[in-house]
Amino acid sequence: MVEKLLFFVKNHFVKVSFFFLIFFSTNSYSQCAGTNGSLTICNIQDPANQNINLFSLLGGSPTTGGAWIDNSKPVGNNSFDGYVNAQTLRNSGVYTYTYVQNPSSCTNNTATVTLKIGPYSGVPSPNVSTCDDVESFSLFQAFDGTKLQPQLNGQWTANTNSASLSGSTIKPYVLGEGTYSYTYTIPALDNCPEQSASIIVSIFRKPASGSPLDIQVCSTVDLTQYKSINLNDRLVGEDAGGFWSEASGTNELSQTYNIIDLEHIYQTLGAGTYNFVYTVTSPNPICTSSQSIVEIIIEDPIDFTGSTLTVNSDICENQIATANYSATITKGPNNVPNGSYDVYYTIDNGTTTKNLTATGNFTNGTFSFVVDRANLPAVGSYIFTVTNIVIRNSTGICNNVIGTITDVLTITPFPRLDAAVLKIDPVCSGFDAAVELSNATNLANGNYRIGYTLSGDNVASNQIMDITVTNGVSEFFIPANLISNVGTNTVFKITDIINLATSCANTANLSKAFTINLSPDTSGISLSIVNECLEGDTVVEIEGLDNLTEVTLDYSLSGANSALNQTAIVKVQNGKGSFVIPEAQLVSSGTTNFTLNSVKVNQGGCTEVVEDNNVASFTLNNCNFFIPDGFSPNGDGKNDVFRILNIQFIYPDFNLDIYNRYGNVLFHGDKNKLEWDGSNSDYKIGIDGIAPNGVYFYVLNFNKGNKKPIQGSLYLNR
């Protein structure tokens with residue numbers, strides 16, 4: 001109270017200080033606020049209580065000009081003119097008001113008036129009614145609205161049924177149809193006795209229009225079963241006596257009261273929602289009429305046959321963490337209405353299948369949605385398959401035709417050659433080098449482009465080559481023109497690799513050293529063959545072998561003698577070499593054709609086919625030797641020497657020793673000394689070194705193969 005007064009004095013009297021200064025200047029302390037007063041009102045409904053002058057209730061000798069404070073109101077909004085309408089006080093109780101004078105002008109500057117407002121329970125209305133569909137009804141509505149309304153601080157009690165009573169409200173829909181009595185009581189105050197009022201509330205039943213049994217049907221079913229629908233059968237718990245009306249303009253009720261033909265509706269109007277209203281009029285003025293709507297929904301399925309799904313886009317392994325994916329369904333030849341849809345789809349990675357739903361709009365035949373990258377966490381192929389598409393405002397009673405709507409998104413492994421192995425066998429100069437790449441398990445099957453370099457014996461940079469990898473293996477060739485130098489240290493190195501299908505690229509560091517062997521150059525080869533006798537050695541001489549040291553020749557014989565793909569190892573000096581054709585290959589006299597097929601370098605094994613100057617022909621005669629059994633060295637020019645004809649051709653390394661009967665060597669012959677003239681050329685005996693008539697003995701060493709020496713005798717007769 002003191003705080004309110006101080007506030008008032010501070011904010012009110014300061015504003016009118018000038019007034020007090022002039023008005024009270026001649027008699028500063030002759031005015032005061034009077035003494036406290038009070039008033040008890042037991043008949044608040046008396047119109048006289050609408051304008052109570054509080055100043056008249058002050059005791060003593062108050063002077064006018066002060067200010068009034070309503071102590072029940074907050075500071076700042078509590079000053080008023082001192083007149084009170086007690087009928088606006090909505091609760092019985094005690095109310096205080098303070099009269100304040102300027103403390104500088106009056107010693108006793110405050111006084112309080114107390115109003116005691118007795119109970120008032122109002123005047124009940126004689127007819128109070130409500131409907132049983134009302135959820136909440138205030139009992140204060142049961143008082144006569146033309147009279148002063150009851151105070152609000154009373155207590156309600158139920159006289160018949162306390163169910164649903166809460167404070168001053170009841171729930172008619174809980175109580176139901178019937179008559180209910182309630183009493184409102186306000187307690188006594190001071191010398192004013194307790195007051196109470198009893199009211200009666202009548203609750204009327206609202207007519208029941210029933211609970212509808214709606215029909216939802218897909219147009220693909222046999223609609224003849226819906227040709228005669230009795231709408232009365234589509235309600236449960238309805239009151240009889242109502243009537244049906246149209247809400248969708250089907251005109252089905254124009255000929256009948258309650259029978260409709262759903263097949264006719266569809267044939268006439270197509271798919272849609274059709275409503276029929278059942279109305280029951282209320283028999284009392286309190287409740288309104290009731291209506292129930294039977295809703296009939298006919299839907300057409302949507303045919304998505306031929307629709308396509310595109311999921312963007314294939315990526316490389318290193319893009320997994322940042323990739324953004326989107327998918328678009330494009331309708332096929334059939335119409336798809338614009339609208340909001342739920343698309344149900346799966347993502348199958350070959351091991352697990354995720355079931356997902358996308359919500360969005362089909363607009364002009366396309367539906368786009370975002371795919372969360374969390375659903376594609378690793379390398380592999382992900383098969384997207386649309387399993388169902390449902391328009392969101394539909395009942396779902398039709399199974400839309402989906403067909404096959406699928407796409408595959410591939411996350412390609414980053415092309416890596418970490419564990420890969422290169423194999424390059426030695427290659428002959430002038431030929432492509434075969435390369436085998438294996439154990440490339442990090443490469444998916446497909447086509448790749450590699451970058452490579454050569455170093456060591458052969459040098460090349462910034463080279464590229466397209467290869468095909470299948471199950472981690474690829475075979476390809478290094479062009480011969482890049483590896484022309486012979487040597488054991490040409491290094492092939494793969495520096496980068498690109499997947500041509502996905503453009504995924506990576507650096508590489510895979511190398512292998514290999515050998516390039518010398519290939520023979522046969523362009524300058526020439527052949528010559530020396531022999532005359534079938535029984536002798538047939539020597540093949542070859543020139544034009546350049547800087548080779550040892551070769552293996554592959555040759556064939558045709559003509560009088562025939563042999564295919566025979567071989568001979570030939571030492572080469574200064575580009576020349578020779579060999580003897582084995583006797584076993586030359587068994588017939590006549591002309592034989594020698595064909596040199598190929599030349600192989602024994603060091604490295606490089607072979608080249610000889611195409612030019614590779615044929616030589618030679619003729620062999622039957623040159624069998626004859627050993628005479630005697631001779632007559634008498635100078636007559638006939639049979640004067642002992643000679644074995646042609647033996648030097650057949651056995652070029654032969655030697656012949658002739659002995660006398662005492663075992664002394666008289667003659668030693670070979671290819672350079674073919675004839676014995678009967679002289680004692682190698683042993684002095686007889687007169688003048690002339691061997692006498694008689695029998696002599698010889699030993700013939702062939703020195704060829706395993707042919708054994710032979711012995712014989714001859715007779716010398718001069």
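Select Lys493 and then Ser511: Ser511, in β37, is the bridge partner of Lys493. The model on screen is a predicted one.

**Stop 1: β33, β36 and β37**

Widen the selection to β36, residues 487-499, and β37, residues 505-517. These two strands run antiparallel and are joined by nine bridges. Together β36 and β37 form a hairpin, with five residues between them. In the turn, pick out Ser503, which has a positive phi of about 65°.

Now add β33, residues 446-456. Nine bridges join β33 to β36, and this pair also runs antiparallel. To find one place where they meet, select Arg449, which stands opposite Ile498 in β36. As background, strands of a sheet pair through backbone hydrogen bonds, in either a parallel or an antiparallel way.

**Stop 2: the largest pocket**

Which residues are the closest to the centre of the largest pocket? Select Glu299, Asp300, Ile391, Asn393 and Ser394; these are the closest of the 19 residues that line the pocket. Its volume is about 300 Å³.

Next, show β20 (272-280), β21 (290-299) and β28 (380-391). Each of these strands supplies at least two residues of the lining. Colour the lining by class, and ten residues come out nonpolar, seven polar and two charged.

**Stop 3: a five-stranded sheet**

Move on to the open sheet formed by five strands, in the order β46-β52-β51-β48-β49. The pairing in this sheet is mixed. Where does the sheet end on either side? Its edge strands are β46 (630-631) and β49 (665-669), each of which pairs on one side only.

Inside the sheet, select β48 (residues 655-659) and β51 (residues 694-701). The two run antiparallel, with five bridges between them. One residue to click on is Asn655, whose bridge partner in β51 is Asn701.

**Stop 4: Lys704**

From β51, follow the chain into the loop that leads to β52 (710-716), and stop at Lys704. Is Lys704 buried or exposed? Lys704 counts as buried because its relative accessibility is 18%, and the cut-off for buried is under 20%.

Finally, show the side chain of Glu583 together with that of Lys704. A polar contact of 2.8 Å joins the two side chains.

Notes. Residues are numbered from 1 along each chain as its sequence is written. This is a predicted model: local features need pLDDT of at least 70, side-chain atom pairs count only at pLDDT 80 or more; totals for chains, interfaces and linings use all residues. Side-chain values use heavy atoms; hydrogens and water are left out. Two strands pair if DSSP finds at least two bridges between them. Helices (H or I, at least four residues) and strands (E, at least two) are DSSP runs, numbered from the N terminus. On a 1 Å grid over the protein atoms alone, a cavity is a set of points where a 1.4 Å probe fits but cannot get out, and a pocket is an open set with protein on both sides within 12 Å along at least five of seven lines; lining residues have an atom within 4 Å of a point. Grid points are joined across faces, edges and corners, and a volume is the space filled by probe spheres set on the points. Ala, Val, Leu, Ile, Met, Phe, Trp, Tyr, Cys and Pro count as nonpolar, Asp, Glu, Lys and Arg as charged, and the others, Gly among them, as polar. Buried means under 20% relative accessible area, exposed over 50%, partly exposed in between (1.4 Å probe, protein chains only). A polar contact is a pair of N or O atoms within 3.5 Å; within protein, one must be able to donate a hydrogen and the other to accept it, and residues adjacent in sequence count only if both atoms are side-chain atoms.
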